[in-house]
Amino acid sequence: MKFLIQRVQHASVTVDESVIGKIGHGLLVFVGVSDTDNEQIADKMIDKLVKLRIFDDEDGKTNLSIADVNGEFLIVSQFTLYANCRKGNRPSFTDAGKPDKANTLYEYILKHVEEKGFKVEHGEFGADMKVELLNDGPFTVILDSKEIGIEN
């Protein structure tokens, strides 16, 4: 599982010219799911996500979590996080999870982040989405379950 996390001043997602998700100060999180991912991996990734200290304290140090700053989440599915560009010029997406499984885990993530008490807005799985954001920093972090030791 991969999360591409951007600290934002605001962000929104639009489908068919209608804004379906919009946040102020918080985190825009793009979620990529592989076929080897499961709910246990999602739980560990969610726990890491909500505890990340990537917001500035009064001294300008990244010591605060999203809870500390009363931030919001905009969570958007993005299978292209599993693009494989090693061969040729056209990315392969064979490492991305099958749509049914990926959508189930995406919905699981939305529900469980919200259950932790956060405002959660979201995109629409499989839709052609337009995402707008004002990156704060810029500050972008990639959480990859394999690279941070979260495995089946």
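Helices (H or I, at least four residues) and strands (E, at least two) here are DSSP runs, numbered from the N terminus. This is a predicted model, where local features need pLDDT of at least 70, side-chain atom pairs count only at pLDDT 80 or more, and totals for chains, interfaces and linings use all residues. Residues are numbered from 1 along each chain as its sequence is written, and side-chain values use heavy atoms, with hydrogens and water left out.

Let's start with helix H2, residues 99-115. Its 17 residues should span 24 Å at 1.5 Å a residue (times one less than the number of residues), and the end C-alpha atoms are indeed 24 Å apart. After H2 comes glycine 117, with a positive phi near 100°. Buried residues (under 20% relative accessible area, 1.4 Å probe, protein chains only) of H2 include Leu105, Ile109 and Val113. The elements below are among those covering the buried residues of H2, by contact (heavy atoms within 4.5 Å).

| Element | Residues |
|---|---|
| strand E1 | 2-15 |
| strand E3 | 26-32 |
| helix H1 | 39-51 |
| strand E6 | 72-77 |
| strand E7 | 120-122 |

Now for the largest nonpolar core (buried Ala, Val, Leu, Ile, Met, Phe, Trp, Tyr and Cys residues joined through side-chain atoms within 4.5 Å). Of its 30 residues, Phe3, Phe73 and Ile75 touch the most other members. H2 gives this core its largest share, seven residues. Leaving out residues up to four places away in sequence, Phe3 touches Ile109 and Met45, among others.

Note on methods:
Buried means under 20% relative accessible area, exposed over 50%, partly exposed in between (1.4 Å probe, protein chains only).
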